[in-house]
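Here's a quick briefing to read with the structure open beside you. Take a look at the picture first, then work through the points by topic.

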Amino acid sequence: MALEMKVPSPGESITEVEIAQWLVEDGDYVTKDQAIAEVDSDKATLELPAEASGIITLKAEEGDAVAVGQVVCLIDTDAEAPDGNADNEGDEGGPGNAAMDLDQQRDKTENKAESPKAEALTQTPSKSTTPPQKQDTYATGTASPAAKKVLAEKGIDASQVTGSGRDGRITKADAIDAKPSMGTPGLGGRGESRKKLSMLRRKVAERLVSVKNETAMLTTFNEVDMKPIFDLRSQYKEDFKSKHGVGLGFMSFFTLACVRALQLFPSVNSMIDGKEMISYDFQDISIAVSGPKGLMVPVIRNAENLSFRGVESEVKRLAIRAREGQITVDEMTGGTFTITNGGVFGSMLSTPIINPPQSAILGMHNIVERPIVRDGQIVIAPIMYVALSYDHRIIDGKESVGFLVAVKEALENPEELLMDNNVKKALEM
């Protein structure tokens with residue numbers, strides 16, 4: 001029996017996906033629940049698992065846009081497994097030999113990338129492929145001494161000049177009139193490749209342009225003395241990790257500082273819907289995570305109810321799922337405020353772009369020792385520049401600056417403002 005596999009709905013409002021990559025080849029034997037393809041929607045990249053075991057027949061090409069519910073492959077469930085496959089397949093609902101099959105399919109994918117077609121896209125042209133030069137436009141004679149001097153001053157090779165003198169001799173006048181060629185290839189490689197943008201990347205591009213065009217986005221900056229947090233982490237991070245199984249990082253401090261600031265300045269925790277402003281009494285914090293398919297923004301739900309341990313555990317869970325390509329559309333939907341950390345890549349300062357339909361985003365950056373004044377004395381301290389980009393249509397300057405100052409105050413005085421003067425209780429030690 002031939003089982004028709006149709007594209008499942010990845011989430012609400014998504015009607016079309018794109019076949020990003022087949023993980024199997026036409027005619028392969030696949031096992032139930034084995035990942036056979038990666039599909040891109042405008043919100044995420046998801047794996048498509050086989051619904052049954054059998055021989056697969058592909059009905060769509062990589063790069064094809066297919067509607068939700070469209071048949072993309074057939075699986076002949078009556079086909080017998082190749083030798084050595086049936087014994088290792090295991091129960092119908094179990095993983096069986098799927099892990100080994102997936103490794104084999106990855107090898108095939110890598111081999112496809114090394115195929116002559118792919119190689120032709122990336123290889124550097126050799127000397128033999130350099131476009132032949134038009135010999136009939138070159139001088140048949142030599143340059144006069146005066147012409148040589150002029151050409152040398154211009155940095156022009158005599159072979160690129162057509163002489164008007166006897167037997168093609170290059171005269172001084174020819175040298176003066178000669179212009180350097182702007183299209184002559186140099187000696188370096190000039191290869192190029194072309195790759196179609198994924199549906200996710202195209203959607204991100206559209207959203208970023210739309211934010212710049214449709215919002216009154218401004219950015220305000222401040223700096224944070226990170227020494228108090230450094231001191232707390234230095235004292236408690238080992239015990240925290242041994243007890244809770246997660247590290248005591250910066251994200252929990254920043255997330256809880258933002259939760260506090262959002263409660264103090266509710267307009268920052270709002271968004272525009274037509275002619276109305278929607279404000280939320282909860283704080284769902286989106287965190288930007290770099291995944292294999294680009295930037296993902298999963299959401300920490302109800303961050304106002306989480307402890308330091310709760311935030312760190314959720315950040316770790318979401319980051320792992322994003323990097324392994326397991327994040328779902330639901331896990332990235334919503335969010336009332338976003339935090340992005342360019343500091344992990346070495347960014348000193350940036351103006352982050354708002355994550356629509358939200359109205360503000362906080363940018364973290366790298367931590368550098370800088371001279372500051374503390375208690376009237378110049379000292380060296382670990383300083384981070386922070387940036388808040390916001391939609392000025394809904395958030396005034398007073399609220400935006402006040403919000404960022406509140407974040408700064410909480411980070412520079414975490415024991416009092418984030419831990420209620422009880423560090424061990426806050427860290428559940």
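Contact, or touching, means heavy atoms within 4.5 Å. You're looking at a predicted model, so local features need pLDDT of at least 70 and side-chain atom pairs count only at pLDDT 80 or more, while totals for chains, interfaces and linings use all residues. Residues are numbered from 1 along each chain as its sequence is written, and side-chain values use heavy atoms, with hydrogens and water left out.

**The whole chain**

- The chain has 13 helices and 19 strands; these are DSSP runs numbered from the N terminus, with helices being H or I of at least four residues and strands being E of at least two.
- Of the 429 residues, 39% are buried. Buried means under 20% relative accessible area, exposed means over 50%, and partly exposed is in between (1.4 Å probe, protein chains only).
- Take the contacts between residues at least 6 apart in sequence: 65% of them join residues at least 24 apart.
- About 24,000 Å² of the chain is exposed, and carbon and sulfur atoms supply 50% of that area. Accessible areas come from the Shrake-Rupley method with a 1.4 Å probe, and for residues only the protein chains shown count as cover.

**Two neighbours in strand β9**

- Thr220 sits in strand β9, which covers residues 217-225. Thr220 counts as buried because its relative accessibility is 15%.
- What does Thr220 touch, not counting residues up to four places away in sequence? Its contacts are Val386, Ala387, Leu388, Tyr390, Ser400, Val401 and Leu404.
- Phe221 is also in strand β9, but Phe221 is partly exposed, with a relative accessible area of 39%.

**Surface patches**

- Phe221 joins Met348 and Leu349 in a nonpolar surface patch of about 280 Å². Patches take residues with over 30% relative accessible area and no salt bridge, joining like charges within 9 Å and nonpolar side chains (Val, Leu, Ile, Met, Phe, Trp, Tyr) within 5 Å.
- A patch of negative charge on the surface brings together Glu25, Asp26, Glu61 and Asp64. Here Lys and Arg count as positive and Asp and Glu as negative, while His and the chain ends are not counted. The place of a charge is taken as NZ of Lys, CZ of Arg, CG of Asp or CD of Glu.
- Asp64 is in the loop between β6 (54-58) and β7 (65-67), and its 31% relative accessibility makes it partly exposed.

**Salt bridges**

- A salt bridge is a side-chain nitrogen of Lys or Arg within 4 Å of a carboxyl oxygen of Asp or Glu. The count by this rule is 10 salt bridges.
- Arg301 and Asp284 pair up through their side chains at 3.6 Å, N to O. This pair links distant parts of the chain, 17 residues apart: Arg301 is in the loop between β15 (299-300) and α9 (308-323), and Asp284 in the loop between β11 (276-279) and β12 (285-287).
- Which of these partners is buried? Asp284 is, at 8% relative accessible area, whereas Arg301 is partly exposed at 34%.
- Arg317 and Glu331 form a salt bridge at 3.2 Å, N to O. Arg317 is in helix α9 and Glu331 in helix α10 (residues 329-332), so the pair ties together parts 14 residues apart in sequence.
- Glu412 and Lys408 form a salt bridge, with their closest N and O atoms 2.9 Å apart. Both are in helix α11 (residues 397-412), four residues apart, or about one turn of the helix.
- Glu314, Arg317, Arg321 and Glu331 are joined into one network by salt bridges that share partners.
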